[in-house]
6 protein chains.
Amino acid sequence: MTDFIRSGQRAADQLRPVRITRGYTIHAEGSVLIEFGNTRVLCTASVEEKVPPHKRGSGGGWVTAEYGMLPRSTHTRSDREAARGKQSGRTQEIQRLIGRSLRAVFDLKALGERTIHLDCDVLQADGGTRTAAITGAYVAAQDAVARLIAQGKLGASPIRDALAAISVGIVQGMPLLDLEYLEDSACDTDMNVVMTGAGHFVEVQGTAEGAAFTRREMEQLLALADKGIAELVALQRAALTSPLSKQ
Amino acid sequence: MTDFIRSGQRAADQLRPVRITRGYTIHAEGSVLIEFGNTRVLCTASVEEKVPPHKRGSGGGWVTAEYGMLPRSTHTRSDREAARGKQSGRTQEIQRLIGRSLRAVFDLKALGERTIHLDCDVLQADGGTRTAAITGAYVAAQDAVARLIAQGKLGASPIRDALAAISVGIVQGMPLLDLEYLEDSACDTDMNVVMTGAGHFVEVQGTAEGAAFTRREMEQLLALADKGIAELVALQRAALTSPLSKQ
Amino acid sequence: MTDFIRSGQRAADQLRPVRITRGYTIHAEGSVLIEFGNTRVLCTASVEEKVPPHKRGSGGGWVTAEYGMLPRSTHTRSDREAARGKQSGRTQEIQRLIGRSLRAVFDLKALGERTIHLDCDVLQADGGTRTAAITGAYVAAQDAVARLIAQGKLGASPIRDALAAISVGIVQGMPLLDLEYLEDSACDTDMNVVMTGAGHFVEVQGTAEGAAFTRREMEQLLALADKGIAELVALQRAALTSPLSKQ
Amino acid sequence: MTDFIRSGQRAADQLRPVRITRGYTIHAEGSVLIEFGNTRVLCTASVEEKVPPHKRGSGGGWVTAEYGMLPRSTHTRSDREAARGKQSGRTQEIQRLIGRSLRAVFDLKALGERTIHLDCDVLQADGGTRTAAITGAYVAAQDAVARLIAQGKLGASPIRDALAAISVGIVQGMPLLDLEYLEDSACDTDMNVVMTGAGHFVEVQGTAEGAAFTRREMEQLLALADKGIAELVALQRAALTSPLSKQ
Amino acid sequence: MTDFIRSGQRAADQLRPVRITRGYTIHAEGSVLIEFGNTRVLCTASVEEKVPPHKRGSGGGWVTAEYGMLPRSTHTRSDREAARGKQSGRTQEIQRLIGRSLRAVFDLKALGERTIHLDCDVLQADGGTRTAAITGAYVAAQDAVARLIAQGKLGASPIRDALAAISVGIVQGMPLLDLEYLEDSACDTDMNVVMTGAGHFVEVQGTAEGAAFTRREMEQLLALADKGIAELVALQRAALTSPLSKQ
Amino acid sequence: MTDFIRSGQRAADQLRPVRITRGYTIHAEGSVLIEFGNTRVLCTASVEEKVPPHKRGSGGGWVTAEYGMLPRSTHTRSDREAARGKQSGRTQEIQRLIGRSLRAVFDLKALGERTIHLDCDVLQADGGTRTAAITGAYVAAQDAVARLIAQGKLGASPIRDALAAISVGIVQGMPLLDLEYLEDSACDTDMNVVMTGAGHFVEVQGTAEGAAFTRREMEQLLALADKGIAELVALQRAALTSPLSKQ
């Protein structure tokens, strides 16, 4: 087992350069372009003053997500899901994950009878789109909530903790943080981890693509994820404390 | 935190009664009714002597799964997916999980250019349908492979290891093995674990439904899963060594 | 014209062994596994305390049916209708037939503003699935109605008469009762007959698969159906008077 | 039971005025407007020099049908099926019936590897659209076959017998031939009968809308159908022997 | 550039024979068969006493259109859109054009909270189906409005001006009015023009199929359209002043 | 008629600030972000080395387009078309327009048997998305063609002329160039014009939203469009002669 060399001399436990641009588009209540290296995802948060049927009359709100990839965000063009007339199983799985993750840090009761729609659209893909989406959607949600507070519609924030996500995996026997596309294609084990600012797990989804993985490998991966997420949470905080200047 | 009392005096680390009936229906190459307590899933394995487009000409085979619930397998009737004209995100997520898990123990090259379709249909649901489906589909796949060997179409089995799955979760602070429906509805954390006979992980999917969970809780859950899966693998082995008597 | 020999020395006017298992699953208000030889159909009756739009405010209820075949209930695997995204014309034709037939013995006014959903799912197919479905759905409907009476929601039964169905056909010139799959494939004329306990017709659907049939042949077929249905009605009555023991 | 008075003093066993216009449109190989009173159906036969997958390489041909109603062919406007994105169960049932009926008089082997598509579109509906469609489609098919013979593509006709269809029913206890819409809405029993020129049955589909019907009533209905179909076959023959003048 | 010879010695600026038959079918409030040469479109206007959601409570009405082609209205049979499960982009584009055009001459406020549905179904196609549809739908709409006035539901007509449409194009360098199918296939530029009785434009849709067209060519085409539409408006007026005799 | 004041003191015949960013994303053969003021559309050109069925074996190529809006590119969030399962009529109309327009400047024969897919995705909408899409797609197509030439797959460019598009309209009686959203909502007449570098028309689509428009108004609008498109073609040329620096 020789060590795998990452592009750009990146260390095994190093994130790609992360860039968080708030106010990327003008109409949404929250609009964030998040970049994990070459992966670029536009995350918007839209507030709607009503809730889906299963929450009506409950007094509580809802947070939901949709995910899409532009047809040529990838190396070779993929079919447009709108043209094919259905979302793939992968798309649905990812948007369910994003929505579930965000709801884990929301006090839905405190949100009131309104819905926050998180739209995560991949402009450019190079691995880790779902984790970038969750990390960016959290920032967009914060901006949308801040606006609700500024408008006097909410007295306090219903967001209880920070939230970020990162991928980890084992490539040629080596545990790596934040896989880019080529690493993801080559990995034996791929894990997506979603954690709160307090360092607790919201989601852990590990898959053996090649050989099954051991408990020890799992622990190495979780430790890497823990480190990466702490860094992401710091970057989110920094982005959120900068003034929001509309493009 | 008072201890949660399980139905039927079941211990926290105890599986529900498991029943594996091979040859449950007559047409499929493998046909298994698996029961985890009141959860009953019919798993059939069908051999088709061709492969999907992405495997054509590769010399290798394919293993894929579909999942469904009969409309009244649940407490209240659900809409029939065929009538609604689409499978839910949940259904797609589960059938992707089943297929991916089974492929993890298959040497697709050794299977030859043929497909094994695993159909997992829930006749009665009481929690844990996806883990029962994986555990039963493995047995059905074994029967289908045995028939291919008996027919001289395969010289040796392409199945490299046993495979089983179980759910674990935390209910009122207490880690539990093999959640039934009421426990699943009440749990804070829900985790589905798929492991090989060798005790390695194929899939780990943990979700915080309520509070986020800690590393220590995760370790408790993985230990429970490990114990449960070892028992399931023994039950599969026992079932597979009994003579297959068609109903 | 030499006589066609039926499998198992069955006489031309003889039903296959019929088995009716009530309480086959636990959640539905009525749940019946009906077997006509190797044909096995699970029929559940679900009560919903509302009616479809066209009956709203009418004071009357509704009875409707859905039908499905598990993908490997047949000799070779069929596509799953939920995955294909639509029900076939055959499926729709059969479920419309089941619903219409059951409504013929229901006093919908007396049912009150509620709906009985009959789900007929074929676990194993060997000819005659639609007639088994109607015959089993009637028993499931009786159990659902009995529960409504036991709950005090209904004072008297809205079911006015018994209902059963059977197939008849002409194979190699010979009129046969209750066709199994091989006979059905070989027949010149195939007829499905639905009758009440009083011996009157609810549906007659005869189709010349090969040569057109004469009035005399039609009369022979109706006489066979009449005999078979009288026997089925007796079997239904016997099943309904046994105590219902949940599996 | 007082006698039901039919519109226009029509006798119980009398057809509505039937008009068969050949060459109604110019592009199709056969194009027939058939009128049963106010019911008007445009039936075209289109020849395609290939067959569907299940007939490929068989040497034989195929005959298939599609059916549709213009949105305002009825008293109140119905949704357009193309806009709704699916054909109703009723539409599918009817087009399957038309196709099956026409195939019953075709020697598919003698047709050669080609398909005849029969499109039956209801311009105006007043009951009996499916029986008018079958009766008209037969004439359109004859014209299409005649053209194939004239072109030297066929040496002899693959059509073995004439084919027509009529509805019969019991209204206020009175058996009636060829129900118009108001009669159809009021009837207790409704039966569609498809017969050959030789007077044999191709399809019999009887449904008790209200009370179940007796064997004696069934015989009365079949006798009425027999009379009506003999008249329709004569009208078809007369239409087919007139010169075909394109509109 | 040699002159293109039109079929039937038609002059470049001459319409095909136009025939407008009111009362073509009996159920619709307005029902018009319009023929431009061999192009035949059935246009019905149906009045519904409610409006779509976006107009509810506005006090105003709505006018909308749907368009379809019978499968064998064309030279070779096209797939039935209802069977394919979706309307083509072309169909949607045309029906949006028809609806928009008709609304341009309607005072929707004066129509009151009701909807006029215009269904334009092509029975036979030979070029210009969308312009025939608009021209015929206008006449059908007039008949529907006349009935609303006769019933006392409207005091005055909400239709503010006449409306007609025609195609123009350049074939082998020659500007032509009212293209038939062969001309349409051969043309370099194709333009559909919708105008009011006052001679103003409602829609102009010009497309270069081959070479891009110049401003001067555009002016020639608009002049031709102007002439054609004046003639169509006169023909509409004549048709509308004849007594409406139901077929 | 008082003069309408445009935002930012824009003159009636003045374009919004136009920005063309080539190489906006890294995977596509051509990738252009085009901005008309606040309208921002990402246009990618993807080369595929095969053609759709209708061009197979023709020796010639194909150019086609798809269009989409991100759900929150607009003032209020719209449903995601992929989630709804179908593209709206508007979407289909626009993508047909883009594809048709681009094909008008392509020598498809000279392109060879390959397809250029143009994906135009609106990131932010403020009126004129379809005209920005056409103008940007032309630049992306140029980049894709340049790459084919650089790779030696093409000897010379199959693009015969420049192509750009602009909207014009009449607002409060005043003809305006390049409508932004508020102007578009208020306009009486809205026209989209697509022209070549040589100043000829490829598409003219004018619609009276309010009052019908006169010939004189049409001429004013066409003159405005002519001016705007000449400016856009110059901006395209400038963008294409700058070095392409990948972001």
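This is a short talk on how chain F meets chain A in a predicted model.

Confidence to begin with. The model scores ipTM 0.95 and pTM 0.94. For chain A, the mean pLDDT is 95. In that chain, 98% of the residues reach 70 or more.

Now the interface. How many residues does each chain bring to the contact? Chain F gives 38 residues, and chain A gives 38 residues. Between them, the two chains bury about 2900 Å². Carbon and sulfur atoms account for 49% of that area. Which residues of chain F lose the most area to chain A? They are F:His27, F:Arg72 and F:Arg80. Together these three make up 26% of what the chain F side buries.

Keep F:Arg72 in view. Its side chain meets that of A:Glu29 in a salt bridge, at 2.7 Å from N to O. Side chains of opposite charge can pair when their charged atoms come close. Across the whole contact between chain F and chain A, the count is 12 salt bridges. Polar contacts join 23 residue pairs there, with both residues at pLDDT 80 or more.

Where on chain F does this surface come from? Several elements give two or more residues to the side that touches chain A. The strands are S3 (39-48), S4 (62-69) and S5 (115-124) of chain F. The helix is H1 (81-84) of chain F. By class, that side has 14 nonpolar, 14 polar and 10 charged residues.

Next, symmetry. Chain F can be laid on chain A with an RMSD of 0.0 Å. The operation is a turn of 180 degrees with a shift of 0.0 Å along the axis. The two copies are therefore related as by a two-fold rotation axis. The same surface serves both copies, and 100% of the contact residues of chain F recur in chain A.

Some chain pairs do not touch. No contact joins chain B and chain E, and their closest C-alpha atoms lie 12 Å apart. Chain C and chain F have no contact either, with closest C-alpha atoms 12 Å apart.

Last, salt bridges more widely. Over all chains, the count comes to 119. One example sits inside chain A: the side chains of A:Arg10 and A:Glu183 meet at 3.6 Å, N to O. What parts of the chain does this pair link? A:Arg10 lies in the segment before strand S1 (18-22) of chain A. A:Glu183 lies in helix H5 (residues 181-186) of chain A. The two are 173 residues apart, so this pair links distant parts of the chain.

Definitions and conventions
Residues numbered from 1 in each chain as written. Chains lettered and ligands numbered in written order. Heavy atoms only, no water. Contact = heavy atoms within 4.5 Å. Buried area = accessible area lost by both parts, 1.4 Å probe. Salt bridge = Lys/Arg side-chain N within 4 Å of Asp/Glu carboxyl O. Polar contact = N/O pair within 3.5 Å; in protein donor to acceptor, adjacent residues only side chain to side chain. Helix = DSSP H or I, 4+ residues; strand = E, 2+ residues; numbered from the N terminus. Nonpolar A, V, L, I, M, F, W, Y, C, P; charged D, E, K, R; others polar. Least-squares fit on C-alpha atoms with pLDDT ≥ 70 in both. pLDDT = per-residue confidence, 0-100.
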